[in-house]
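I opened this notebook to record how the strands and helices of one chain are arranged. The model is a predicted one.

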Amino acid sequence: MMIKEIDFDNRCTTEVDEIVYEYVRNAADATFKGFDFEVGYYVSVSFVDADEIKQLNNDYRGVDKVTDVLSFPMEEVDGRGVDLLGDVIICVSRAKEQAIEFGHSTEREITYLTVHSFLHLLGYDHEEDEDKSEMRLLEKEIMADLKIFKNEKAD
């Protein structure tokens with residue numbers, strides 16, 4: 001049996017609904033299904049406020065501004081043989097702002113940010129044009145598998 005562990009940590013001052021956890025679980029299933037984990041995977045997903053993600057962005061990337069999501073890949077294996085993929089930190093308020101800005105649902109935005117971050121944990125990036133194209137294609141395929149598309153208003 002495949003081990004699928006997602007450790008949630010809500011550090012937001014506003015409550016994160018259970019449905020948000022479900023978005024992340026669904027994104028994990030869709031993103032990781034195409035990858036071969038011998039025993040399973042573990043990821044940590046934290047929900048934070050704008051002040052905290054701004055501080056983390058500054059501390060780890062030298063960028064002194066609020067961002068929507070940060071990914072910290074680990075690339076380790078625990079004693080059980082489970083792949084420790086890393087940590088994802090999502091700024092819920094920024095995700096909600098972007099959903100409004102882009103004209104789609106909060107579900108779509110949080111799911112997309114999660115898929116995007118999980119791909120970073122798997123080693124994908126978007127620094128070079130070729131890598132960016134590959135990552136964007138994967139994101140689109142995964143979002144289509146989830147049946148979540150741009151500009152969906154269903155919140």
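The entries below go from the sheet to its hairpin, then to the helices.

**Entry 1: the sheet.** I looked up the strand order first. The model has an open sheet of four strands in the order β1-β2-β4-β3, and the pairing is mixed. I then noted which strands stand at the edges: β1 (3-10) and β3, each of which pairs on one side only. From one strand to the next, the twist averages 15°.

**Entry 2: the β3-β4 hairpin.** I asked how many bridges join β3 to β4. Strand β3 (residues 69-77) and strand β4 (residues 83-91) run antiparallel and are joined by seven bridges. I followed two of these pairs by residue. Valine 77 has aspartate 83 as its bridge partner in β4, and glutamate 76 has leucine 84. The hairpin has five residues between the strands, and glycine 81 in this hairpin takes a positive phi near 95°.

**Entry 3: serine 71.** I next selected serine 71, which lies in strand β3. With neighbours within four places in sequence left aside, I found serine 71 in contact with Asp87, Ser117, His120 and Leu121. For serine 117 I also recorded a polar contact between its side chain and the side chain of serine 71, at 3.3 Å.

**Entry 4: helices on the sheet.** I checked which strands are crossed by α2 and α4. Helix α2 (residues 50-61) lies across β2 (40-48), β3 and β4, and runs at about 60° to β3. Helix α4 likewise lies across β2, β3 and β4, but its direction is about 35° to β3.

**Entry 5: α3 against α4.** Two packed helices are described by the angle between their axes and the distance between the axes. I therefore looked up both values for helix α3 (residues 92-102) and helix α4 (residues 106-121): the axes come within 8 Å and cross at roughly 120°. The angle makes α3 oblique to α4, because the perpendicular class ends at 115 degrees. The crossing in which α3 passes α4 is right-handed. On the α3 side I listed Ala95, Lys96, Gln98, Ala99 and Phe102 as making the contact, and on the α4 side Thr106, Glu109, Ile110 and Leu113. By class, these residues divide into five nonpolar, two polar and two charged.

**Entry 6: α1 against α4.** I repeated the look-up for helix α1 (residues 18-32). The axes of α1 and α4 come within 9 Å, with a crossing of roughly 40°. The two helices are therefore oblique to each other. I recorded the crossing of α1 and α4 as right-handed. From α1, the contact is made by Val20, Tyr23, Val24, Ala27, Ala28, Thr31 and Phe32. From α4, the residues are Glu107, Ile110, Thr111, Thr114, Val115, Phe118 and Leu119. I counted the classes for the contact of α1 with α4 as ten nonpolar, three polar and one charged.

**Entry 7: a residue in two contacts.** I compared the two lists for α4. Ile110 appears in the contact with α3 and also in the contact with α1.

Conventions:
Residues are numbered from 1 along each chain as its sequence is written. This is a predicted model: local features need pLDDT of at least 70, side-chain atom pairs count only at pLDDT 80 or more; totals for chains, interfaces and linings use all residues. Side-chain values use heavy atoms; hydrogens and water are left out. Axes are lines fitted to C-alpha atoms, for helices over the stretch in contact, and angles run from 0 to 180 degrees between N-to-C directions. Angles under 35 degrees count as roughly parallel, over 145 as roughly antiparallel, 65 to 115 as roughly perpendicular and the rest as oblique. A crossing is left-handed if the near helix is turned anticlockwise from the far one by less than a right angle, and right-handed if clockwise. Contact means heavy atoms within 4.5 Å. Ala, Val, Leu, Ile, Met, Phe, Trp, Tyr, Cys and Pro count as nonpolar, Asp, Glu, Lys and Arg as charged, and the others, Gly among them, as polar. Two strands pair if DSSP finds at least two bridges between them. A polar contact is a pair of N or O atoms within 3.5 Å; within protein, one must be able to donate a hydrogen and the other to accept it, and residues adjacent in sequence count only if both atoms are side-chain atoms.
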